[in-house]
Amino acid sequence: MGKVVMYSSVSVDGFVADDNDQPGPLFDWLCSGDVPLDESGELKVSQTSYDHTRAYWDQIAVTIVGRHVFDLTDGWGGKPPGGVDHVVVVSHRPMPEGWDPEAPFHFVDGVEAAVAKARELAGDRLVEVAAGDVGGQVLAAGLVDEVRMDVVPVVFGSGKRYFGSVHAQHLLEDPDVVIQGNRVLHLRYRVRH
């Protein structure tokens with residue numbers, strides 16, 4: 001069974017978006033180099049970031065997001081982001097009216113059900129959980145194996161927290177990946193269970 005990884009770009013002070021749900025400069029590192037990260041050619045990073053990020057992205061089969069992110073992105077037009085196969089949306093509401101039922105999006109109620117569905121869909125590949133409120137809930141439920149973050153040199157001061165509303169202590173191992181790219185520090189921590 002594949003691992004469950006909580007992931008996002010994050011400010012130095014721990015935010016994944018500002019108070020208005022805007023990422024500001026958090027994704028600037030994705031345009032800070034000369035190596036294309038995907039087929040679009042729009043994302044270009046340093047070779048160091050490419051080697052790290054492309055290898056990680058290629059392992060992801062399913063992404064778990066909350067309904068808020070789904071609504072903000074308008075469901076990515078029914079096409080999962082970043083080339084993943086499926087998106088599991090944690091929502092107490094049904095899929096939107098007129099939503100294509102053939103699109104590889106799965107609406108579930110609760111984070112435990114989301115992780116179970118994502119693991120079923122992912123097989124041996126990775127399940128990625130978007131950081132923020134849903135990611136924090138999955139961490140609090142003890143279902144996260146790794147925390148990955150792309151730390152960007154900016155301080156937001158306030159906004160949407162990387163770990164959402166988690167208030168309990170969770171121990172992580174020492175970082176086993178620390179890679180400096182252009183305008184980003186890639187980190188990976190295993191979660192102690």
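The following dialogue examines a predicted model and the reasons behind several terms applied to it.

Trainee: Why is E5 called largely enclosed by the rest of the structure?

Mentor: A residue counts as buried when its relative accessible area is under 20%. Seven of the seven residues of E5 meet that description, so E5 is largely enclosed by the rest of the structure.

Trainee: What makes E5 and E8 a pair of strands?

Mentor: Pairing requires at least two bridges between the strands. E5 and E8 have four bridges, in the parallel sense, and therefore they pair under that criterion. One of the residues concerned is Ile60, whose bridge partner in E8 is Leu126.

Trainee: How do you know that E5 also pairs with E6?

Mentor: The cut-off is again at least two bridges. Five bridges join E5 to E6, so the two strands pair; they run parallel. Ile64 stands opposite Val88 in E6. Between these strands the chain passes through H2, forming a β-α-β crossover that is right-handed.

Trainee: Why is that crossover called right-handed?

Mentor: The term applies when, with the strands pointing away from the viewer, the path from the first strand over the helix to the second runs clockwise. The path from E5 through H2 to E6 is assigned to this right-handed class.

Trainee: Which residues of H4 are buried, and what do they pack against?

Mentor: In H4, residues 133-140, the buried residues are Val134, Gly135, Gly136, Val138 and Leu139. They pack against the strands E1, E5, E6 and E8, and against helix H3. Just after H4, Gly142 adopts a positive phi of about 75°.

Trainee: What makes up the lining of the largest pocket?

Mentor: A lining residue has an atom within 4 Å of a pocket point. For the largest pocket, with a volume of about 1,300 Å³, there are 44 such residues, and Ser8, Val65, Val69, Ala130 and Ala131 lie nearest its centre. Elements that each supply at least two lining residues include E1, E5, H2, E8 and H4. By class, the lining divides into 21 nonpolar, 16 polar and seven charged residues.

Trainee: Why are two residues in the lining of the second largest pocket classed as polar?

Mentor: That pocket has a volume of about 220 Å³, and its lining includes Gly82 and Gly83. Gly counts as polar in this scheme, so these two glycines fall in the polar class. The lining also has four nonpolar and four charged residues. Asp38, Glu39, Arg54 and Lys79 are in the lining, and they are charged because Asp, Glu, Lys and Arg are counted in that class.

Terms used:
Residues numbered from 1 in each chain as written. Predicted model: local features only at pLDDT ≥ 70, side-chain atom pairs only at ≥ 80, totals over all residues. Heavy atoms only, no water. Buried < 20%, exposed > 50% of the residue type's maximum accessible area, 1.4 Å probe, protein only. Contact = heavy atoms within 4.5 Å. 1 Å grid on protein atoms, 1.4 Å probe; cavity = no way out; pocket = protein on both sides within 12 Å on 5 of 7 lines; lining within 4 Å. Points joined across faces, edges and corners; volume = space filled by probe spheres on them.
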